[in-house]
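Here are some notes to read alongside the model. Please keep the structure open and find each residue as it comes up.

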Amino acid sequence: MEAGSAGGVQIAASILDADLANLGNALRRVEQAGADRIHLDVMDGHFVPNFTFGPKMIRALRPRTRLPFDAHLMISNPARYIDEFIRAGCDSITIHVEIDEPVEPTLRLIRRAGRRAGLALRPTTPLAALERYRGLFEIVLVMTVEPGFGGQSFLAGAAAKIGAVHADRRLGDQPLEVQVDGGINELTAADVGALGVDVVVAGSALFRKGRDMAVEMGRIRAAADAGRAR
Ligand code: DX5
Ligand code: ZN
């Protein structure tokens, strides 16, 4: 097994574009290819026009890898299910700030369970939407595609928020972890690295047929790290 990054940009592998009939194998492949964490895209057919899987599936996958599990909940009512996601073994749970129900109690429940809490932003949602939850989350997930599907093109305009998170003292006293999700490949990884991103989520770029996943992941990591060193 290859070691993950030490101090550089972390790679979170999204298994959305993996062979969904064989997710245990997908976890083994991304771990061997050098991923630092697993990004789990949960969709409810309501917050986004697509479905994926839920806590039961995550729980079944948990013993298949030692890598941390980051859940990205693209669902309208996370409060109703949050205990299940916690019990499923998620290390971090990120919910969307745009949902209609209150997000604060859910963030508190995640942290009370000893897990890291995150807030995600759709591409058009401004950073200011996070201010009122200051101190209640440690991850900001900046989406650079409209949530719902893998394989979309990177929205460069949305990525500008990455740099702004670290600079914005109104978001928290502690340094926040900034993740970027959507359209990451070797080229866009360099751009988000330069903006100071901490974690890049990569999905379809890793699962492209005929490509060597370890090579692809190595290229994304090298590009992001080089961007950060710029
Ligand atoms: C989109 C998901 C992303 C997606 C990333 O709604 O949140 O995590 O799987 O896939 P790519 O890398 O293909 O954009
Ligand atoms: Zn995601």
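1. Is D36 buried or exposed? The model is predicted, and in it D36 has a relative accessible area of 9%. The cut-off for buried is under 20%, so D36 counts as buried. D36 sits in the loop that runs between α1 (23-32) and β2.

2. What does the side chain of D36 reach? One partner is the backbone nitrogen of I11, at 2.7 Å. Another is R221: the side chains of D36 and R221 are joined by a polar contact of 3.0 Å. D36 can also be placed relative to V9, which is 27 residues away along the chain; the C-alpha atoms of D36 and V9 are 9.5 Å apart.

3. Next comes R37, which belongs to strand β2 (residues 37-43). R37 has a relative accessible area of 10% and is buried. Leaving out residues up to four places away in sequence, R37 touches Q10, I11, A12, A13, L67, P68, D70, R116 and V199.

4. How many residues of β2 are buried? Seven of the seven are, so β2 is largely enclosed by the rest of the structure. The side chains of β2 go two ways: R37, H39, D41 and M43 point one way, while I38, L40 and V42 point the other way.

5. Now the overall arrangement of strands. Eight strands close into a barrel, in the order β1-β2-β3-β4-β5-β6-β7-β8, with parallel pairing. On average, neighbouring strands of this sheet are turned by 25° against each other, with direction ignored. As background, strands of a sheet pair through backbone hydrogen bonds, and the pairing is either parallel or antiparallel.

6. Individual strand pairs can be checked by eye. β1 and β2 pair in the parallel sense over three bridges, and S14 stands opposite H39 in β2. Strand β1 (residues 10-14) also pairs with β8, in the parallel sense and over four bridges. Here A13 stands opposite A202 in β8.

7. β8 has another partner in β7, with parallel pairing over three bridges. In this pair, Q179 stands opposite V199 in β8. Which way do the residues of β8 point? V199 and V201 point one way and V200 and A202 the other way, and all of these are buried. V199 also appears among the residues that R37 touches.

8. On another part of the barrel, strand β4 (residues 92-96) and strand β5 (residues 116-121) pair in the parallel sense over five bridges. H96 stands opposite A120 in β5. Helix α5 packs on the sheet and touches β5, β6 (139-143) and β7. The direction of α5 makes about 160° with that of β6.

9. The loop between β5 and β6 contains T125. At 12% relative accessibility, T125 counts as buried. Which residues does T125 touch, not counting those up to four places away in sequence? They are V97, E98 and K161. With E98 there is a polar contact between side chains, at 2.7 Å.

10. Two helices deserve a look as a pair. Helix α3 (residues 78-87) and helix α4 (residues 104-112) pack at an angle of about 10°, and their axes are 10 Å apart. That angle makes α3 roughly parallel to α4. P78, A79, I82 and I86 in α3 meet T106, L109 and I110 in α4. By class, this contact has six nonpolar residues, one polar residue and no charged residues. For reading such a list, note that an α-helix has 3.6 residues a turn, so residues three or four places apart point the same way.

11. The last point concerns helix α6 (residues 186-194), whose buried residues are T188, A189, A190, V192 and G193. What do these buried residues pack against? Their neighbours are α5 (156-167), β7 (177-181), β8 (199-202) and α7 (213-229). At the start of α6, a side-chain oxygen of N185 comes to within 2.9 Å of the backbone nitrogen of L187. Just after α6, G196 takes a positive phi of about 95°.

Terms used
Residues numbered from 1 in each chain as written. Chains lettered and ligands numbered in written order. Predicted model: local features only at pLDDT ≥ 70, side-chain atom pairs only at ≥ 80, totals over all residues. Heavy atoms only, no water. Axes fitted to C-alpha atoms, helices over the stretch in contact; angles between N-to-C directions. Parallel < 35°, antiparallel > 145°, perpendicular 65-115°, else oblique. Contact = heavy atoms within 4.5 Å. Nonpolar A, V, L, I, M, F, W, Y, C, P; charged D, E, K, R; others polar. Buried < 20%, exposed > 50% of the residue type's maximum accessible area, 1.4 Å probe, protein only. Polar contact = N/O pair within 3.5 Å; in protein donor to acceptor, adjacent residues only side chain to side chain. Pairing = 2+ DSSP bridges.
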